[in-house]
Amino acid sequence: MSAEPVIKVRNVSRRFGHVVALRDANLIAEAGQVSALVGDNGAGKSTLIKILSGALQHDEGEILLDGNPVRFASPHQARDLGIETVYQDLALAPSLDVASNLFLGRELRCRGILGFLGFLDDSAMHERAQREMENLRVGLSSVRQPVLTLSGGQRQAIAVARATAWGRRVIIMDEPTAALGVRETDKVLRLIKRIKESGIAVIIVSHSLPEVFSVADRITILRLGRTVRQMTRAEADMSEVVAFMTGAAGEESAEKK
């Protein structure tokens, strides 16, 4: 494991005209750990996630990837560097099957002249999709099922599995259990733990503190666009987290650890 965090956000700011969405935001994501990003609505969580995924660029500060400064010019660049994001809308194609969704935009072509003519290697994609589902222990009867036939939890698992298949360094999850029932939420949380065990750094954004405390190794709290506290799970107390989120507790220095 590298001595440097996989991702280190240091004093990052982002403005939209006169509106300051982020100011001196900080975040650390370590390999094989879950870093939770929490805060009230308008705290800047979505802006920070979009910066890390390449959808937005920061105005000030720096982002280090394995200790090296980076600036993601686009989501494609972030993905090429091994950073995958699972958004709340999941970005799945319901009419396509599981395997097709796993390879959406990354389809495998047949070798030789058939590939040159644009023919896809469906067999290879289905075999790879089946392995990914088995590795993450996602319970499906077949990777040939259309996504529209799956439950909400299964769809979330497919989106996460797609990110895991391509994310070599970091997987970012935006509210991964939103709108899920208790049983399906539990399955997704167990899936997050299995991804962590594979050595990938996981960043989750969540409003559910009980879920955060059940999976997170680190907790970063944003308030009004600023990082007000970073702590390990061992240091964290739920009432203290709420106090920092609401402003009842004072801010700490901009960069911690």
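# Exercises on a predicted model

Helix α9 is followed by G247, and the phi angle of G247 is positive, near 90°. The structure used in these exercises is a predicted model.

## Exercise 1: Helix α9

Find which residues of helix α9 are buried, and which elements cover them.

Solution. Begin with the span of the helix, which takes in residues 238-246. Within that span, the buried residues are V241, A243, F244 and M245. Next, look at what lies against these side chains: the cover of the buried residues of α9 includes the strands β3 (34-38), β9 (218-223) and β10, together with helix α8.

## Exercise 2: Salt bridges that link distant parts of the chain

State how many salt bridges the structure holds, and then work out for three of them which elements they link and how far each partner is exposed.

Solution. The count for the structure is nine salt bridges. Side chains of opposite charge can pair when their charged atoms come close.

Step one takes R15 and E60, which form a salt bridge whose closest N and O atoms are 3.1 Å apart. This pair links distant parts of the chain, since R15 belongs to strand β1 (residues 7-16) and E60 to strand β4 (residues 60-65), with their positions 45 residues apart. R15 counts as partly exposed because its relative accessibility is 36%, and E60 likewise counts as partly exposed, at 38% relative accessibility.

Step two takes R226 and D24, whose side chains meet in a salt bridge with an N to O distance of 3.6 Å. Here again distant parts of the chain are linked: R226 is in strand β10 (residues 226-232) and D24 is in strand β2 (residues 19-29), 202 residues apart. To classify the two partners, recall that buried means under 20% relative accessible area. R226 has 18% relative accessibility and therefore counts as buried, whereas D24, at 25% relative accessibility, counts as partly exposed.

Step three takes E84 and R106, whose side chains meet in a salt bridge at 2.6 Å, N to O. E84 lies in strand β6 (residues 83-86) and R106 lies in the loop between α3 (98-102) and α4, so the pair ties together parts that are 22 residues apart in sequence. E84 is buried, with a relative accessible area of 6%, while R106 counts as partly exposed, at 24% relative accessibility.

## Exercise 3: The largest pocket

Give the volume of the largest pocket, and decide which element gives the largest share of its lining.

Solution. The volume of the largest pocket is about 390 Å³. Its lining is made by 18 residues, and those that lie nearest the centre are R79, E84, T85, R106 and R162. The elements that give two or more residues to this lining are α2 (75-80), β6 and α6 (152-166). Among the contributions to the lining of the largest pocket, the largest share comes from β6, with four residues. The salt-bridge partners E84 and R106 are thus met again here, among the residues nearest the centre of the pocket.

## Exercise 4: The cavity

Establish how many cavities of 30 Å³ or more the structure has, and describe the lining of the largest one.

Solution. Rolling a probe the size of a water molecule over the atoms shows where empty space is left. A search of the whole structure finds one cavity of 30 Å³ or more, and the volume of the largest cavity is about 40 Å³. The residues lining the largest cavity are P176, T177, L189, I192, I204, S206, E211, V212 and V215. Two elements, α7 (182-197) and α8 (209-215), give two or more residues to this lining. Of the contributions to the lining, that of α8 is the most, with three residues.

## Exercise 5: A129 and I113

Decide for A129 and for I113 whether the residue is buried or exposed, and then describe the surroundings of each.

Solution. A129 lies in helix α5 (residues 122-135), and A129 counts as buried because its relative accessibility is 0%. Leaving aside residues up to four places away in sequence, A129 touches A99, L102, F103 and V143. Along the chain A129 and V143 are 14 residues apart, and their C-alpha atoms are separated by 6.7 Å.

I113 has its place in helix α4 (residues 112-116), and I113 counts as exposed, at 58% relative accessibility. Together with L114, F116, L117 and F119, I113 makes a nonpolar surface patch of about 590 Å².

Methods:
Residues are numbered from 1 along each chain as its sequence is written. This is a predicted model: local features need pLDDT of at least 70, side-chain atom pairs count only at pLDDT 80 or more; totals for chains, interfaces and linings use all residues. Side-chain values use heavy atoms; hydrogens and water are left out. Patches are made of residues with over 30% relative accessible area and no salt bridge: like charges are joined within 9 Å, nonpolar side chains (Val, Leu, Ile, Met, Phe, Trp, Tyr) within 5 Å. Accessible areas come from the Shrake-Rupley method with a 1.4 Å probe; for residues, only the protein chains shown count as cover. A salt bridge is a side-chain nitrogen of Lys or Arg within 4 Å of a carboxyl oxygen of Asp or Glu. Buried means under 20% relative accessible area, exposed over 50%, partly exposed in between (1.4 Å probe, protein chains only). Contact means heavy atoms within 4.5 Å. On a 1 Å grid over the protein atoms alone, a cavity is a set of points where a 1.4 Å probe fits but cannot get out, and a pocket is an open set with protein on both sides within 12 Å along at least five of seven lines; lining residues have an atom within 4 Å of a point. Grid points are joined across faces, edges and corners, and a volume is the space filled by probe spheres set on the points.
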